[in-house]
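Subject: Handover of a structure and notes on its contents

Dear colleague,

Please find below the structure that I am handing over to you. I should be grateful if you would keep it open while reading the notes that come after it.

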Amino acid sequence: MSYSDPINIGIFAPISLLEYLNTDMQNFLIKTKVTQLSLICCLLLMLACGKERTNIVAKAYHKTTSYFNGYYNANEILKATTKMIDEQYQYPGGGLFEIYYIGNEEQVKNFEGDFDKIIEKNDIVIYKHPNGGFADDCRFMNGQSHYYKKDFRKAMENFDYVIETYPESKIIPKTYLWKAMTHYEAGNPELAIDILEKHIFPYDTIEFDKKGALDMAIFQSKLAIDSSNYPAAAKRLAPIVDDVKGRQNRAKAHFLLAQLYAEADDFPQSFEHFELVEKYSQDYDLTFMSKMKIAHLYIDFSEGQDDDMKVFEYLSKLLKDEKNIEYADQILYELGQLELKKDSVDNALDYFRESITANQGKPRFRALSSYAIGKVYFERYQQYDSAQVYFDAAANSITKNDAEYKEITTLAKTLRNYVTFKNTIAYQDSMLYLYSLSEEDLEKAIAKVAEEEERKKQEKLRAEQAKKAQEERELRENMGGNGGRGMNNSFMNNFGERNSQQAGASNWYFDNPTAVTQGITAFQTKWGRRTNEDHWRRSRKALSNLAANGEQGGEAELSPEKAKADSVMKEEFGDNFKYYVDIPKNSDDSLKSEIMIEEAMYGLGRIFAQKLNEPDSAIKTFEALLDRYENSDFDLRSRYALYQLYMEADNPIFNVHRNFILNEHPKSIYAYLILGKDPNELKEEENNFSYAYTGLLSSYRNRQYETAIGFSEFLLGQFGTDNPKLDYAELHYIRGMSYGYMGNRDSLRDILTYVVNAFPEADVTPVAKITLDYMQTGKAKGSRPTSSTNKAQSKEKGDGSLTDPNNERYEGFAVEPKTNDKIFVLMYIDQKNVSKGDATSKVSNFNKDKFSKLNLKTFTFLYKSQYLLPYISHFTTEEEAAAYVKSFLANPISKELLPSETDRVFYISHSNFKVAYGRKRMEDYMLYFENIIDK
């Protein structure tokens, strides 16, 4: 072939030419050609593969780039990050397990950067490669990232975007599931269920991949658990439990499934899955928990002595295994539960105490053992004081994450309140008793208490020294015997020899029966043991409480005022001043003590009724309150409680309290509750009353007399004539005066005459009389009234003798009781002659013997720190009260209670009593009674 051939030259000329060139030149030309070809290919690829291009080359490019540069890397980061969060899971103290843990807000903060990186990579794929086939997956993964970050709003936005933008995507069912899970975690389970019911459950054709099916089953089981439908939860979880990836997560899944079967009382299935936990678990803590669960299943479901022995042998074997030393407290706790099931209460208590001793810094199990002991005292022995000590110990150990937290802390608080109320009653009664003693007797009592306290203090010091020496000896023995291991050898060796027998005693306080007994005795010495007596009054038996009060406060820092007061008392009473601190100094102090007792009695009654389910004790407590405090602020509440308690017991006495509330307090919330009416109506009524009464006074003061008359007529029409909140005398007075100022003299005269006749003792009555006198004669017998609150000061002058009703010493007293005024009998006794307890007891006995039909109530006040005022209530008429006084004076008991010439017995109206006792004018009233009333 000739090279001159134009066709051949055209085709082969470059090759032919290269044959004549050197090697370097040949390499240069070849590289240049390849580079040019590459540039041309890249240019063509760029033109073909823009993000909006859909040709084959573009699709291949975007799909490859989306997966390897974006989705794959983001997904790997997501798997690694969620795994690290899951590894922070702490096995719950009780309660059901989580298979996959999504962390709390504090934990997730440490991983926010990783989730942000995931979102960043996905965003590049979404915006640069929208047609690469992974935009929907990347958007879904962004939603998952926000879900883990607890940003549920943004998670929802991403899931909604996937559903709206990619309706044909294969991940739509999974997206709806995660949207439901997001609602659930955001606290809206109803919306979560609604999504499942609308978008997943109705469609049989929906298929999840293995991971989606796993998530779906776990979520459905969680929803069933929330509604306590444990069989349904187990049914959802069982088919997929072996699909859970990771040995430890699979172990957790079997543990949860076993828990669900146990809650459903399916012993065989529960047992099977707890055993599988050990197969998969790589954590001995979880393995041991499953062993304890198996033991508990045996305890709950075993029947007969043979089964009990098997459980005992199983637990004994675990206890002797050296690797379980740190778990000994849990094993001992289960042994205690086994003994409880066998009704071997003493053995159970021993095991629980040993469990506390063996505890190595695990608060929950220390709490459970303390709580178990407390429940024995609470439920079986009803020794609430002892139960409270253990419940408090449990409450101080339990944490908020433990399943038993609410139950333990609630019961501990209830019993703490119980003991507080009981101690308040006992202690304040003691103080009132000491207040009633003469100075000489009080000094003797204080000296005796101080001596006893010093003796106990020395005993306690000697016991502590002996205990410390014993602990040091045993510590040396243990350190020498087992190299400082957690439990001593003697304990481990002795354990195998016992089934129902107690092993060697522990040094810990609550494991020593003698120490416990001493502690309970000391506790009761300090706070007292109160029985359910008919009367709550304390006499000499409460004196022992005084020593305890001297110990209260310890090293608490005193305020300057308190320090100064203590300094004054120390100067007066010497080293024993601390015992005098809480003893009332005067009648005001004694009244404060009575108020504290009153409040504590009501609180105690409520605890008996509502918390401890002891209706009989509640009834006794409320009745004692009503007996002791006739005009108590808790009167209505106590009566309503008694009404309910008697109703529940089907006791007809409930009618007594029902009728009292309805008749005496028809507008109270308790009357509305009894009648089944809405108590909210009372609020509206009270608002109307307040508005109208305020309007009445305001309009009268501002001389808007027509408006004042309108308000007065509204009040009378709306609230009748017996509303205790209304001052009817003042209401009619304002109404009459308003008519007078408007020129209607007849209405003024008629209304003021009604005020004078119907309300002779009212504050406005003297002013009304002056106005009527002025209208009749044109001359007033006093100054012209300026307001409804002025009182008449004009009195007829007498001779000033004790028989003169107008004697200044009698000011404020009235001969005739007011309408519906109660009548009482009082005694005035020098306490040097009779003790308060004797006076109350003897008067009560006299009442039961001679006046039992009247159901009289007696309690005793202290007056001016010197005199006792036994108070007998109440009588319907003065004649009835006078007959009581006459009968009492004729009885020999009067010589015992009224030995002195200054001692008296008399009757008194409630209105006069308020003046005589409230203003410390009892002596004036006795003169008034003898010279005016009793004449």
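The notes below describe the chain as a whole, then its sheet, then some of its helices.

**The chain as a whole**

Please bear in mind that this is a predicted model. The chain holds 40 helices and 4 strands. Of its 935 residues, 45% are buried. If one takes the contacts between residues at least 6 apart in sequence, 61% of them join residues at least 24 apart.

**The sheet**

In what order do the strands of the open sheet stand? The order is β2-β3-β1-β4, and the pairing is antiparallel. At the edges are β2, which covers residues 857–863, and β4, which covers 904–909; each has a single partner strand, so one side of each has no neighbour in the sheet. On average, neighbouring strands of this sheet are turned by 25° against each other, direction ignored. A general point may help when you look at the side chains: in a regular strand they alternate between the two faces of the sheet.

The pairings can be followed one at a time. Strand β3 comprises residues 867–875 and pairs with β2 in the antiparallel sense over 7 bridges. Within this pairing, Y863 has Y867 in β3 as its bridge partner. On the other side of the order, strand β1 (residues 823–830) is joined to β4 by 6 bridges, and these two strands run antiparallel. Here I823 stands opposite S909 in β4. Although β4 is an edge strand with a single partner, it is mostly covered, with 5 of its 6 residues buried.

One residue of β1 deserves a separate look, namely D830. Is D830 buried or exposed? Its relative accessibility is 12%, and D830 therefore counts as buried, the cut-off for buried being under 20%. Setting aside residues up to four places away in sequence, D830 touches Q866, Y867 and D903. D830 and L868 are 38 residues apart along the chain, yet their C-alpha atoms are separated by 6.3 Å. Y867, one of the residues that D830 touches, is also the bridge partner of Y863.

**A residue in helix α37**

Helix α37 runs over residues 878–890 and contains E880. With a relative accessible area of 25%, E880 is partly exposed. E880 touches L854 and F875, again not counting residues up to four places away in sequence. From C-alpha to C-alpha, E880 lies 9.8 Å from Y907, while the two are 27 residues apart in sequence.

**Helices α8 and α9**

Helix α8 is made of 14 residues, 172–185. At 1.5 Å a residue it should span 20 Å, and its end C-alpha atoms are indeed 20 Å apart. The helix is mostly covered, since 13 of its 14 residues are buried. After α8 comes G187, which has a positive phi near 95°.

How do α8 and α9 lie relative to each other? Two packed helices are described by the angle between their axes and by the distance between the axes. The axes of α8 and α9 (residues 189–199) come within 7 Å and cross at roughly 165°. The two helices are therefore roughly antiparallel to each other. The crossing in which α8 passes α9 is left-handed. On the α8 side the residues that meet α9 are Y176, L177, K179, A180, H183 and Y184, and on the α9 side they are P189, L191, A192, I195, L196 and H199.

**Helix α18**

Helix α18 (residues 363–380) has 18 residues; from its first C-alpha to its last it reaches 25 Å, close to the 26 Å expected. Because 13 of these 18 residues are buried, α18 is largely enclosed by the rest of the structure. Just after α18, Q382 takes a positive phi of about 55°.

**Helices α32 and α33**

A second pair to examine consists of α32 (residues 705–719) and α33 (residues 728–741), which pack at an angle of about 145° with their axes 9 Å apart. Their crossing is left-handed. From α32 the contact is made by Y705, A708, I709, S712, E713, L715, L716 and F719, and from α33 by Y728, L731, H732, R735, S738, Y739 and Y741.

Yours sincerely

Methods:
Residues numbered from 1 in each chain as written. Predicted model: local features only at pLDDT ≥ 70, side-chain atom pairs only at ≥ 80, totals over all residues. Heavy atoms only, no water. Pairing = 2+ DSSP bridges. Axes fitted to C-alpha atoms, helices over the stretch in contact; angles between N-to-C directions. Expected span 1.5 Å × (residues − 1). Buried < 20%, exposed > 50% of the residue type's maximum accessible area, 1.4 Å probe, protein only. Parallel < 35°, antiparallel > 145°, perpendicular 65-115°, else oblique. Left-handed = near helix turned anticlockwise from the far one by under 90°. Contact = heavy atoms within 4.5 Å.
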